[in-house]
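Visitor: I should be grateful for a close look at a single part of this structure, followed outward into its surroundings. Please begin with a strand hairpin and its partners.

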Amino acid sequence: MGKIRNVPMIINGEKIQSRSGQWRDIVNPATQETIARVPFSTQDELEAAVTSAKAAFINWRQTSVPARQSIFFKIRQLLHENLKEMAALITMEHGKTLPDAEGEVLRAIEVIEHACSIPTLQLGKFSDRAASGIDVYSRIEPLGVCAGISPFNFPAMMPTFMWPVAVACGNTWVQKPSEQDPSSFVFLVELAYEAGLPPGVLNVVHGAVDMVNAICDHPEIKAISFVGSTLVGNHVYKRASQAGKRVQCMMGAKNHGVVMPDAVKEKTITNLIGAGFGAAGQRCMALPVVVLVGETKQWIPEIVAKSSILKVGPGTDREADFGPLVSKAAKDRVVKLIESGVAQGAKLLLDGRTIKVEGYEKGNFVGPTIFSDVSIEMDIYKQEIFGPVLLIMEVDTLDEAIKLINANPNGNGTALFTSSGWAAKKFEKEINVGQVGINVPIPVPVAYFSFTGSRASKLGDLGPNGKQVVAFFTQTKTVTSRWFEDPAIFRASDATMHSIR
């Protein structure tokens, strides 16, 4: 084992080692080897980060929009150049496969590219002669110091759902990445400063619930973006809202994939398996519930057979379909939920609890697991499992499937697999879910569209990305102006012109 490194904070553009007395080990989930330590930053260290961001805001908000844009173009370039190094950090701390981690970095780059379009995103409006001699126009201005609290499952991508557009709009930022896998984001921030970001514009502190509370309470932080569990999200929304802040919280999910009898079988099964088990199911936009309509219940044996041959292994194995869960606690929770499904009467068609990965016997691995005969009263249906567990439910009609999904409290995403345009249009219109895929299993929109989860999956009116995130991190100043003719100026002007003649 090599020397265990300490993950730094970044304050005022510099890497700072915390003076905290409380640290957490970062463990490689495939080996249980301790590879780093992350501090639980102190209140004084948060204060230093906010003070740095507040001081930087004075000049950063006045920096020309093209100058900000130029920095983001450079950040994009550096992320491309360092993609594999960042992906390796994600795999080492999170456990997802290298191809999956590389895909995550590419999605982060997509958001940076969206921030590069800030000149058009931050345009105000102008009305010439709104009344006689009067013009009305608006300015889109930054709020000040803003903050993000991001989860473990996408340690590089999820923070980019928060800070890039906010910073491009002229705000400054404090981020608390997940304490389970913070290194990839710290590396990203280092690249941002290498690209020319001024000191103090982007800061990083670490911690758990105490740091979350301190961010929610801090009087200089104007807006907070949160992605994570429903339990913590509800707490953040309530606490930060009571402190007078703008808050957006993207939270838990229970996404359903509906399969119609006319769906293209091979492609649909492949998509269901990928969306259910990819990243070991640790995606808020995963598809853990398959709703088979009518005769598609005959597909069950093939779904099970193809799932059973998935390769589970360390993330460094590029042939692996998915890797370990992020922690032993996560594995224990998933196993407990599988056991509850058995106890409550679901039919276990494929059991991943006893999987062993040669050479990685201590890893947090759970193999692909499939249940049928699932009812809505079962814990495996009511809770977000966040593991490689696929639930199969059967209904007779599309109407029944829509009713089932609309009755679930969550509304993050859903998908329909069909060859019928009529069925697709009916589903799209009648489903009460914020993000819909038609033959697309994980309907996360591209970065220039907003992330629009709904119902219990979201708190706050405006979501990440797209136009909504610009509105969330800015305020509108409206100016109504009229200019009067000054006779003295015109007399002086006429006299000057007369002397020239």
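Guide: In this predicted model, strands β4 and β5 form a hairpin with 6 residues between them. Within the turn, glutamine 32 has a positive phi of about 70°. The two arms, β4 (residues 23-27) and β5, are joined in the antiparallel sense over 5 bridges. One position in this pairing is given by arginine 24, which stands opposite valine 38 in β5.

Strand β5 also pairs with β1 (residues 5-6), here in the parallel sense and over 2 bridges. In that pairing asparagine 6 stands opposite arginine 37 of β5. Strand β5 itself spans residues 34-39 and is mostly covered, 5 of its 6 residues being buried. In general, strands of a sheet pair through backbone hydrogen bonds, in either the parallel or the antiparallel sense.

From the hairpin one may turn to another sheet. This is an open sheet of 7 strands in the order β15-β16-β17-β14-β13-β19-β20, with mixed pairing. Strands β15 (347-350) and β20 (436-438) stand at its edges with a single partner strand each, so one side of each is left without a neighbour in the sheet. On average, and with direction ignored, neighbouring strands of this sheet are turned by 20° against each other. Inside the order, β13 (residues 256-259) and β19 (residues 414-417) pair in the parallel sense over 4 bridges. There, valine 258 has leucine 416 of β19 as its bridge partner.

Two helices lie across strands of this sheet. Helix α12 (residues 300-308) lies across β14 (289-293), β15, β16 (369-372) and β17 (389-395), and runs at about 50° to β15. Helix α13 (residues 328-343) lies across β15, β16 and β17, running at about 25° to β16. Alanine 329 is found in helix α13. With a relative accessible area of 55%, alanine 329 counts as exposed, because the cut-off for that class is over 50%. Its C-alpha atom is separated by 23 Å from that of leucine 98, a residue 231 positions away along the chain.

Leucine 98 leads to helix α4 (residues 98-115), which packs with helix α2 (residues 65-81) at an angle of about 165°, their axes being 9 Å apart. The angle makes α2 roughly antiparallel to α4. The crossing of these helices is left-handed. From α2, the residues Phe72, Ile75, Arg76, Leu79 and His80 meet Leu106, Ile109, Ile112, Glu113 and Ala115 of α4. By class, this contact comprises 7 nonpolar, 1 polar and 2 charged residues.

A further helix pair is formed by α15 (residues 398-407) and α16 (residues 421-430), whose axes come within 11 Å and cross at roughly 25°. That angle makes α15 roughly parallel to α16. The crossing of α15 and α16 is right-handed. On the α15 side the contact is made by Leu398, Asp399, Ile402, Ile405 and Asn406, and on the α16 side by Ala423, Lys426, Phe427 and Glu430. The residues of this contact divide into 5 nonpolar, 1 polar and 3 charged.

Notes
Residues are numbered from 1 along each chain as its sequence is written. This is a predicted model: local features need pLDDT of at least 70, side-chain atom pairs count only at pLDDT 80 or more; totals for chains, interfaces and linings use all residues. Side-chain values use heavy atoms; hydrogens and water are left out. Axes are lines fitted to C-alpha atoms, for helices over the stretch in contact, and angles run from 0 to 180 degrees between N-to-C directions. Angles under 35 degrees count as roughly parallel, over 145 as roughly antiparallel, 65 to 115 as roughly perpendicular and the rest as oblique. A crossing is left-handed if the near helix is turned anticlockwise from the far one by less than a right angle, and right-handed if clockwise. Contact means heavy atoms within 4.5 Å. Ala, Val, Leu, Ile, Met, Phe, Trp, Tyr, Cys and Pro count as nonpolar, Asp, Glu, Lys and Arg as charged, and the others, Gly among them, as polar. Buried means under 20% relative accessible area, exposed over 50%, partly exposed in between (1.4 Å probe, protein chains only). Two strands pair if DSSP finds at least two bridges between them.
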